[in-house]
Amino acid sequence: MSTQVLSVRIGANPPNRLDKALARDVPEAAALSRTRLGRLIAEGQVLSGGAAVTDPKAKVEEGDVFDITLEAAAEVETVAQDIALDVVYEDDWLIVVNKPAGMVVHPAPGTPDGTLVNALLAHCGDSLSGIGGEKRPGIVHRIDKETSGLLVVAKSDGAHHALAAQFEKHTAKRAYLAVCHGVPDPADPRLRGVKGASFEPGGVLKLTTQLARHRTDRQKQAVCFTGGRHAVTRARLLEDFTVAALVECRLETGRTHQIRVHMAHAGHGLVGDPVYGGRRRAGKTVGPEVAEALNGFPRQALHAAVLGFAHPEDGRALRFEAPLPDDMAELLAVLRR
């Protein structure tokens, strides 16, 4: 595989550690995030005076020169597939799509094709972002296979870097619509006893915890209060159906399964969620139609409805909305009746 060497000279008043200094002084066109620079340092790809510097916390001084070895983007084995995409917006820098439930974002063991990436390869051709030394569409963020809704994908390294920074700094705006079991009512004294739960003006339920991999099931996430990664979700009640509720969830952070884990922690797991929803089932008191709709819903009732961010090229504010998919709309219609 071909490589290139990028030389970076540290400027005045550098940060107190190597990875931060390089992230500040590397040319913007290189589109190297601090996270990727950290990986390159650990892999011995950052040299000073011909010797590898493998400690990201290494001290630096003004005028120090570091040579960064970068591998050229590798051709992907993932094949382009002519799969229909619901394109909400597209330009030379990015594409916003409304992903259907049931579609995996990126190929993985067990799902080598039929993914959003396969569809993007066919739709975008060569105008894709090569991030991390691998030529693939610039997936900036992901949503679960069975969650529907909006995703932004970068078409260049520069766009990917700028968009990823917004998600990392939590300036990108995301709102999800979800149907949960029960009603997260601010008047419910039980909720006020849930660790990490509080209420903000307007009856907004705020959940603040750490999230980490489950101790026994590594495919799951779990709430914890020491270790893990900081996670904040806000849930606002939109409609009360007594046995269930429509809520709007806004992410301050973006952790794996965050909404699903947090709502379950609050005692209001999502309808249809086979992993975190528990074994809650609607009883006969709600009527057969409602019970069938709730108990038979085939996926977590979660939809990424709103996505907002600054355009990576000119900074203008972009905001997109995706209507509820048919299955969730039909579920709400039954609950409203």
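In this predicted model, the largest nonpolar core has 35 residues, and the members that touch the most others are Tyr 176, Leu 205, Ile 259 and Met 263. Helix α3, which covers residues 116–124, gives the most to this core, with five residues. Where does the core sit relative to the domains? Domain 2 (87–169) and domain 3 (174–308) both give residues to it, so the core lies between them.

Let's zoom in on one of those core members. If we leave aside neighbours within four places in sequence, Leu 205 is in contact with a list of residues that includes Pro 184, Leu 191, Thr 233 and Ala 266. There is also a second, separate core of 21 residues, and among its members are Leu 246, Ala 291, Leu 294 and Ala 305.

Now look at Val 204, which is found in strand β13 (residues 204–213). Is Val 204 buried or exposed? Its relative accessibility is 14%, and buried means under 20%, so Val 204 counts as buried. Beyond neighbours within four places in sequence, Val 204 is in contact with Ser 198, Phe 199, Arg 234, Ala 235 and Arg 236. Take Ala 235 from that list: along the chain it is 31 residues apart from Val 204, yet the C-alpha atoms of the two are separated by 5.7 Å.

Charged side chains come next. How many salt bridges does the structure hold? There are 17 salt bridges, and the table shows some of them.

| Salt bridge | N to O distance |
|---|---|
| Arg 234 and Glu 252 | 2.7 Å |
| Arg 250 and Glu 248 | 3.2 Å |
| Arg 260 and Asp 273 | 2.9 Å |

The pair of Arg 234 and Glu 252 links distant parts of the chain, 18 residues apart: Arg 234 belongs to strand β15 (residues 229–240), while Glu 252 lies in the loop between β16 (244–251) and α6 (258–265). Arg 234 is partly exposed at 22% relative accessibility, and Glu 252 is partly exposed too, with a relative accessible area of 32%.

For the pair of Arg 250 and Glu 248, Arg 250 is partly exposed at 35%, whereas Glu 248 is buried at 12%.

Arg 260 and Asp 273 also link distant parts of the chain: Arg 260 is in helix α6 and Asp 273 is in the loop between α6 and α7 (288–295), 13 residues apart. Both of these residues are buried.

Finally, which residues are joined into one network by salt bridges that share partners? They are Glu 200, Lys 206, Arg 234 and Glu 252.

Methods. Residues are numbered from 1 along each chain as its sequence is written. This is a predicted model: local features need pLDDT of at least 70, side-chain atom pairs count only at pLDDT 80 or more; totals for chains, interfaces and linings use all residues. Side-chain values use heavy atoms; hydrogens and water are left out. A nonpolar core is a set of buried Ala, Val, Leu, Ile, Met, Phe, Trp, Tyr and Cys residues joined through side-chain atoms within 4.5 Å. Buried means under 20% relative accessible area, exposed over 50%, partly exposed in between (1.4 Å probe, protein chains only). Helices (H or I, at least four residues) and strands (E, at least two) are DSSP runs, numbered from the N terminus. Domain bounds come from an automatic or database domain assignment. Contact means heavy atoms within 4.5 Å. A salt bridge is a side-chain nitrogen of Lys or Arg within 4 Å of a carboxyl oxygen of Asp or Glu.
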